[in-house]
Amino acid sequence: MLLGLLLAVALIVPLLGQPYYTRLVARMAIFGIAALSLDLLVGYAGLVSFGHAAFFGIGVYCAGLLPMMGVQQVWVIVPVAMLVAALYGALSGLISLRASGLYFIFITLAFAEIVFYIAQGLRMLGGDDGFRLPAPTLLPGGASLANPVVLAYTMLAALVLAVWVARRLSESHFGQVVVAARDNETRLRAMGLSPYPYRLALYMIASALCALAGVGFANLVEYASPASMSWVVSGEFLFMVILGSAATIVGPVLGAVVFVGLEQLLSAVTEHWLFWLGIVLVLRVLLLRQGIHGLLAGGGQR
Amino acid sequence: MSRPLLQVTGLEAGYGSAQVLFGVDLAVGEGEVVALMGRNGMGKTTFIRSLVGLAQRMAGRIEFAGVDVTRYPGYRVARAGLGLVPEGRHVFRSLDVEENLVATARSVGQAISAGDGVPAPEPWTLERVYEFFPRLAERRHHRGNQLSGGEQQMLAIGRALLTQPSLLVLDEATEGLAPLIREDIWRTLGRLKSGGLAVLVVDRDLRALARLADRYVILDKGQVALAGPVSDLSERASTIERHIGVA
């Protein structure tokens, strides 16, 4: 109900002809997809990744690099970005998923830092400064994602699709095994299933979804830089997931909306906005057991 | 004894540097029910855990349906047809009853063929498990952590059955359950036995075990102290009492 209302507002805002708010909606949708993709790992599989921004950055760089080769079509850029991210997810997941707990956190961080330093080392792509997108991504029919209205609606559609896919996934047999592995991995093994292939597949899916968000982000800021894949961004994604409540799919999307909203509000008032954001997280942990999602769904307050 | 389905020879196992089992031999034939008994800390649970790789196997050999599974990772032993109902049940608490049942379920075709022609029993389906445990059907949308102990045990048994096992292994089959529920569980095991399923069961209820089992094995300090057909049980009551410390 509340979600429908939120979506309705998001759908109306771009019609008002205020580019700032239109871009804000696009930004929320983009980070909503990223947070949702991380929730698949953190919430459902219990895999706390601290390197999820790597896949976001891969999306950003694909959206920046492909136009240099004259490719602007969304139906090339998005699949390529998702594929590259899934491949890097497979490569890093093969190793990181052998670890658990704290070790998993650090290995994912290490893999993200590898991508970060590679991007930073690419002199011809501006190194640390990054580069301006040579051209925006184009939808079939020629509409450009450089247009905030087009971008906002495209990312909202992608978000709705992502929520649908994530829900289907969580209700599927695949999703049940992933949750069972989170609940009791030893027991799952004793029942004849190794969680490893399931987790790897999930890791690849989450990576690909995050790259989709990255493509949107590149078009939003019309820029690609290593900053988009720094560990700070990974931390922000985690922030959104926790803010909204993990393992709820919609919760992390709400977390992203609140995060982006607060970021805009607070940074307009004070340069120490991160401090206040930190206080918000502390309050959430202390007061809202079920996160923002629980607050809205009702009865989650404790 | 019929052809051995599970054949364990000289099993030594334990945890880290603590060895618990010192050369245990145990076999379960097709369709046979074997009771594993012994006092606390004598190695019953370690024995069962080592079958599926949850305790460290140090020496010995485990054959299942004619295949040497000693070096298999636990999940492959389970997949070869060993259905485990663990002590403490361990249902997946965030999944509901039905999800618990189907998450690890396998269709018969998916189960790795259990070696040289173990006869395929009637496959287990969700419907068949619900027919066995009507209580689970009623509670199918309740989460694992909302079930009573008895319901959890039924769920753990149902979950194991849906992996299409040729051997069902129960650790502390009725521990901590109300008497009526215990009766239920024993009846269920009896039905499974008449359906031709082999069972290895750990429990304290001598009388129930004597009714159900074909043979018994008693562990003492990590070794087999006594073994034989259950018809022995009454004759050897005093010796048995010494080993398991219950009447």
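In this predicted model, helix H11 (residues 250-269) and helix H12 (residues 273-287) of chain A pack against each other at an angle of about 135°, with their axes 9 Å apart. Angles over 145 degrees would count as roughly antiparallel and 65 to 115 as roughly perpendicular, and H11(A) and H12(A) are therefore oblique to each other. As for handedness, H11(A) passes H12(A) in a right-handed crossing.

Who touches whom here? On the H11(A) side you'll find A:Leu262, A:Glu263, A:Leu266 and A:Ser267, and they meet A:Trp273, A:Trp276, A:Leu277 and A:Val280 of H12(A). By class, that contact splits into 6 nonpolar residues, 1 polar and 1 charged.

Chain A has another helix pair worth a look. Helix H2 (residues 19-44) packs with helix H10 (residues 231-244) of chain A, and here the angle is about 75°, with the axes 9 Å apart. The window for roughly perpendicular runs from 65 to 115 degrees, so H2(A) and H10(A) fall into that class. From H2(A) come A:Phe31, A:Ala34, A:Ala35, A:Leu38, A:Asp39, A:Val42 and A:Gly43, while H10(A) brings A:Phe237, A:Leu238, A:Met240, A:Val241 and A:Gly244. That contact holds 9 nonpolar, 2 polar and 1 charged residues.

Now for the place where the two chains meet. Chain A puts 16 residues into the contact and chain B puts in 20 residues. On the chain A side, the elements giving two or more residues are helix H7 (173-183) and helix H8 (185-190). H7(A) supplies the largest share of that side, 6 residues. Sorted by class, the chain A side has 7 nonpolar, 6 polar and 3 charged residues.

On to chain B itself. DSSP runs give 10 helices and 10 strands for this chain. Its C-alpha trace spans about 45 × 40 × 35 Å along the principal axes. How does its radius of gyration sit against the value for a compact globule? A compact globule of 247 residues would come out near 18 Å, and chain B has 17 Å, so the two agree.

One sheet of chain B is open and has 4 strands in the order E2-E1-E4-E5, with antiparallel pairing. Strand E2 (18-29) and E5 of chain B stand at the edges with a single partner strand each, so one side of each has no neighbour in the sheet. Here is how the strand pairs of this sheet line up:

| Strand pair (chain B) | Bridges | Sense |
|---|---|---|
| E1(B) and E2(B) | 9 bridges | antiparallel |
| E1(B) (4-15) and E4(B) (56-64) | 7 bridges | antiparallel |
| E4(B) and E5(B) (67-68) | 2 bridges | antiparallel |

If you want to check the register in the viewer, there is a residue pair to look up for each row. B:Tyr15 stands opposite B:Ala18 in E2(B). B:Ala13 has B:Arg57 in E4(B) as its bridge partner. For B:Phe64, the bridge partner in E5(B) is B:Val67.

The E4(B) and E5(B) strands make a hairpin with 2 residues between them, and B:Ala65 in the turn has a positive phi of about 50°. There's a helix to add to this picture too: helix H1 (residues 44-51) of chain B lies across E1, E2 and E4 of chain B, and runs at about 70° to E2(B).

The other sheet of chain B is also open, with 6 strands in the order E6-E7-E8-E3-E9-E10 and mixed pairing. Which strands sit at its edges? Strand E6 (82-85) and strand E10 (223-229) of chain B do, each pairing on one side only. On average, neighbouring strands in this sheet are turned by 15° against each other, direction ignored.

Helix H7 (residues 179-194) of chain B packs on this sheet and touches strand E3 (33-37), strand E7 (167-170) and strand E8 (198-202) of chain B. The direction of H7(B) makes about 150° with that of E8(B).

At the E10(B) edge, strand E9 (residues 215-220) of chain B runs antiparallel to E10(B), and 6 bridges join the two. For a spot to zoom in on there, take B:Leu219, which stands opposite B:Val224 in E10(B).

Definitions and conventions: Residues numbered from 1 in each chain as written. Chains lettered and ligands numbered in written order. Predicted model: local features only at pLDDT ≥ 70, side-chain atom pairs only at ≥ 80, totals over all residues. Pairing = 2+ DSSP bridges. Axes fitted to C-alpha atoms, helices over the stretch in contact; angles between N-to-C directions. Contact = placed C-beta atoms within 7 Å. Nonpolar A, V, L, I, M, F, W, Y, C, P; charged D, E, K, R; others polar. Parallel < 35°, antiparallel > 145°, perpendicular 65-115°, else oblique. Left-handed = near helix turned anticlockwise from the far one by under 90°. Rg over C-alpha atoms; globule rule 2.2 N^0.38 Å.
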